[in-house]
Amino acid sequence: MAEELILLDEWLSMFGMRARIALAEKGIKYEYKEEDLENKSQMLLKMNPIHKKIPVLIHKGKPISESIIIVEYIDEVWKDKVPFLPSDPYQKAQAKFWADFVNKKVGDVGGRIWAGKRDEIELAKKELIEGLKELENVLGD
């Protein structure tokens with residue numbers, strides 16, 4: 001590997017998935033280190049001492065935490081690859097709006113489904129479907 005790049009993650013994490021997708025889209029090779037969130041590694045605790053959460057991208061020994069920040073970092077560091085966002089300011093603002101929409105209407109609701117009680121899960125499922133339909137209306141099939 002030309003440069004040291006390690007991703008501390010957990011396979012089921014939707015936040016880690018953001019980082020994995022960003023790395024894959026840019027065609028960047030990295031070392032994946034699975035974290036046991038019940039028994040966090042010393043590396044995770046050292047690289048993210050504030051939140052002690054995954055994902056953490058370690059680039060040349062320096063940690064980058066928080067999934068959206070990691071995605072932005074990947075886009076900025078590997079500029080020679082296709083950018084994630086359009087260069088036009090309006091189109092970029094629209095892309096960011098829909099990314100935020102997905103975070104709030106899909107990610108947050110998905111978390112409620114994952115961790116909720118039966119009656120809360122049914123309500124969250126309906127909200128998730130509504131959010132996905134809205135997204136489909138905008139993005140198309």
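This is a short tour of the sheet, the helix packed on it and the nonpolar cores in a predicted model.

**The sheet.** Start by selecting the four strands, which form an open sheet in the order β2-β1-β3-β4, with mixed pairing. Now colour residues 31-34 (β2) and 62-65 (β4): these strands stand at the edges with a single partner strand each, so one side of each lacks a neighbour in the sheet. Turn the view and you can follow the twist, which averages 20 degrees from one strand to the next.

**One strand pair.** Next, pick residues 56-59, which make up β3; this strand pairs with β4 in the antiparallel sense, over four bridges. For a specific bridge, show Val 56 in β3 and Ser 65, its bridge partner in β4.

**The helix on the sheet.** Add residues 14-26, helix α1, which packs on the sheet and touches β1 (5-9), β2 and β3. The direction of α1 makes about 150 degrees with that of β1.

**The largest core.** Select the 11 residues of the largest nonpolar core, among them Leu 5, Leu 7, Leu 57, Ile 64 and Trp 78. At least two residues of this core come from each of β1, α1 and α3 (67-77), and α1 gives the most, with three.

Stay with Ile 64 for a moment. Which residues does Ile 64 contact, leaving aside its neighbours within four places in sequence? Show Pro 55, Val 56, Leu 57 and His 59, then Ile 69, Ile 70 and Tyr 73.

**The second core.** Finish with a separate core of seven residues, including Ile 6, Leu 8, Met 47 and Ile 58.

Conventions: Residues are numbered from 1 along each chain as its sequence is written. This is a predicted model: local features need pLDDT of at least 70, side-chain atom pairs count only at pLDDT 80 or more; totals for chains, interfaces and linings use all residues. Side-chain values use heavy atoms; hydrogens and water are left out. Two strands pair if DSSP finds at least two bridges between them. Axes are lines fitted to C-alpha atoms, for helices over the stretch in contact, and angles run from 0 to 180 degrees between N-to-C directions. Contact means heavy atoms within 4.5 Å. A nonpolar core is a set of buried Ala, Val, Leu, Ile, Met, Phe, Trp, Tyr and Cys residues joined through side-chain atoms within 4.5 Å. Buried means under 20% relative accessible area, exposed over 50%, partly exposed in between (1.4 Å probe, protein chains only).
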